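This report introduces selected backbone features of one protein model. The sequence and the structure are shown first.

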Amino acid sequence: MQPNQWVMAVIVGLPFLAAALTPLVYRLLGERTAYASAAVAAVSFGLVGWFATTGARGLVSWTWIDAPGFEVALSFYVDGLSLLIGFLASGIGVLILTYSGGYMHEEPGKMKFYATLLAFMGSMLGVAFAADLVVLFVFWELTSISSFILIGHYTGESSSRYAARKSMLITVAGGLFMLLGFLFLAGEGGTFQLLGTDRALLAQAESLREGLRADGLFVPALVLIGIGAAAKSAQVPLHIWLPNAMEAPTPVSAFLHSATMVKAGVYLVGRFRPLLASEEWQLLFVAMGLVTMTVAAILAVGASDIKELLAYSTASHLGLIIAGFGVVGGGASAYGAETGSFHVLNHAAFKAALFLVAGIIAHEAGSRLIDDLGGLWRDLPIAAGVTVVAALGMAGVPPFNGFYSKEFLFEATYELAHASGGLWWILPAVAVFGSVFTFLYSIRFLMLFFGEKPDALGHVHTPPWSMRLPAVALAVVAGLIGLGGITATAGVHIGPLEEFVRQVVGATAIDQGGEHGAHFSYYLPTEPTMPVLMSATTIGLGVVAYPFYDQLRDVVRRLRSVSLLSANWYYDSVVEGLDRSRAVESTIQTGLLRTYALVLLLAVSVMTLLAYATAAVGLPAFGSVASPIPMVIVLGVAVVAAFAVTRAPSHVAGVLTLSILGFMVAIFYILGDAPDLALTQLLIETLVLVLFLLVLDKLPPFYGEARRWVLARDAAASAVVGITVFLTVLVTTAASPASRISNFFLERGGVPAEHGTWILEYGGGANIVNVILVDFRAFDTLGEISVIAMAALSVITLVAMRERGDRQ
């Protein structure tokens, strides 16, 4: 069944529309805006569910430009992988926005918060369903922009501003690397369409890989896309922005940094897996994923704050997903697809629940420090129950949900090592080693609710139901997934869940035909296999090591304190080294209009000249130049006037001399049979002359003395700008097309001899200039009118406020 266009438009567009209307809604509903926003997310969630249950799959596209070799369209694609991310973005969005109704009760900036959160959800839905590289990149960057605003929500806090800047720099920079990789792919494939058509990149995966290899671009394209995914999904060493992002309100952490935005990177890897699967792909992503899984898990053990612990844990589990999607060889490719696909779902369920629990603890206990918390189950019994299900799932303890996808990782790494041998045996060892630390920090988070309650903690209030219910709902989802493994062992499968995961696995399969996905199932193992032995080893080592948790934490903290071992030290050093704000302030931010004009014009001119040189633009051939005597005289006067401007002794004399040049241009238009342009030039020249004289009346009458080097600098800059304009005029007027666009306007501008009730293909006017402005260039003219109207409103506002004091 083909997806409905309007349904897709509502899924992606409704959150943006709601975000735009949030200021009005907030004025009407106040804090209840949270629940109105949750209703918007529920609509998107319901429509995504409608696609899933009706079997709607395929391409949805709105064509904008359809020209040979230059097709531009807004394209979306519905398959298992896009539906999974769509479910997470909208479904968890419902829960997070509901949770925010209680959490954000006394927080500042709620109107901005809800508007940005909705815009982020719409951006993430756009990423999930994008079927075009351009569309994907646009929504990808929108997630970075909206997350920047959300992370920096507490604008008065320096730590919040630092975290927002760090996330923006890393994720946006990664997106630019990714864009370059996209350009390599599109250049080789001849299209930006990623999937959904016979010409799409995924449809020509094999030939595209061969072409990229022949051009020496396969590895660069792979690495560039990998950098984009690593930056967004906080992979080592680009993981450093995620712990700082915990400065954001907890609903932001739960939504962006556990369930949705950080999933964009792993979604990218899963989406491009069938396109770029190769030995290089496997080496890059398996190594990056397992290193991140291990390093981030070790750093989580050293955390002192519960949100910091969950942040490093998020990076670790994202590494697990990346490693899974990275496995594409050695007969283990099917297990790799199952690992990545299933753990995206499992991780979102248990990690979002734990973030909401962390928010409840911070909100009601007044502290996020691990050493200050304990014995909370008496005061927060529901949160304790949620934590049992979610933390044990995070730890990979059977029969909880995280256990099954981690089993797939163990299976994938073991099968890959068994088939490849040699150094590949390091992979299952690293997977077990990293999982031991995952077990340790998961149990440490669980123990916040058990043991002795610190005396200094005092009474912990019960949170409102708006904060408890979303956490319970996520725990129920995680619990049902875990229960499915138990029932499957007895032969009773959760059909809809397994069928949905099969579709996700099929979307990430190398052969795009389902690979092992058609046979996907999970169950509680009843026989001793190698993955079972690896899981048992992980849990056993974790149980043995947990009594030494404090000693391990101290060791990790000491290692983190060594600058050379800290990725943050490198980041701060690079940013500080690149910060030349003082130099810019002293040389550019001088307060002089002359300096600003110089920098702007010179920069534009240099970039233009470089573009001409890069594109090897040639100058047109000059033939005989023959002009009528009147034109020669007019142009001669204009040249003399231009030279005289440089010798003018005062402001007034300079402006008057410059106006001579403008009037000569108007006369030139008259001689060139362009009276409409001449009239416009005369009116503008006269108006500008009057305005200049009115302004100059308030300025000193003489220029004063200028230093020689300043004059030389300005003269050189003026020469560069003049040369740029001269070359641009030559280049842009050199073409002599066989069919001129003026013929089209002349043919279509008037009233046809025969027409029906409506004239759809003709302008229907007598004045061709007017027809071009109001018909062929209608949107352009409308934009110009809008700008003038806004400027007029601004002037009226300033005039109306001229008598008011500073405080009015």
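The sections below describe cis peptide bonds and positive phi angles in this predicted model.

## Cis peptide bonds

The bond that joins Val236 to Pro237 is a cis peptide bond, and its omega is near 5°. Pro237 belongs to the loop that runs between helix H8 (218-232) and helix H9 (241-244).

A cis peptide bond also links Pro398 to Pro399, with omega near 5°. Here the loop in question connects helix H15 (381-395) and helix H16 (401-420), and Pro399 is found in that loop.

## Positive phi in the loop between H8 and H9

Ala234 has a phi near 55°, which is a positive value in a residue other than glycine. Ala234 is located in the loop between H8 and H9, the loop in which Pro237 is also found.

Is Ala234 buried or exposed? Ala234 counts as buried because its relative accessibility is 0%, and the cut-off for buried is under 20%.

## Positive phi in the loop between H24 and H25

A positive phi is also present at Ala616, a residue other than glycine, where the value is near 50°. Ala616 lies in the loop between helix H24 (593-614) and helix H25 (629-646).

The relative accessibility of Ala616 is 63%, so this residue counts as exposed, given that exposed means over 50%. Ala234 is thus buried, whereas Ala616 is exposed.

How values were computed. Residues numbered from 1 in each chain as written. Predicted model: local features only at pLDDT ≥ 70, side-chain atom pairs only at ≥ 80, totals over all residues. Heavy atoms only, no water. Helix = DSSP H or I, 4+ residues; strand = E, 2+ residues; numbered from the N terminus. Buried < 20%, exposed > 50% of the residue type's maximum accessible area, 1.4 Å probe, protein only.
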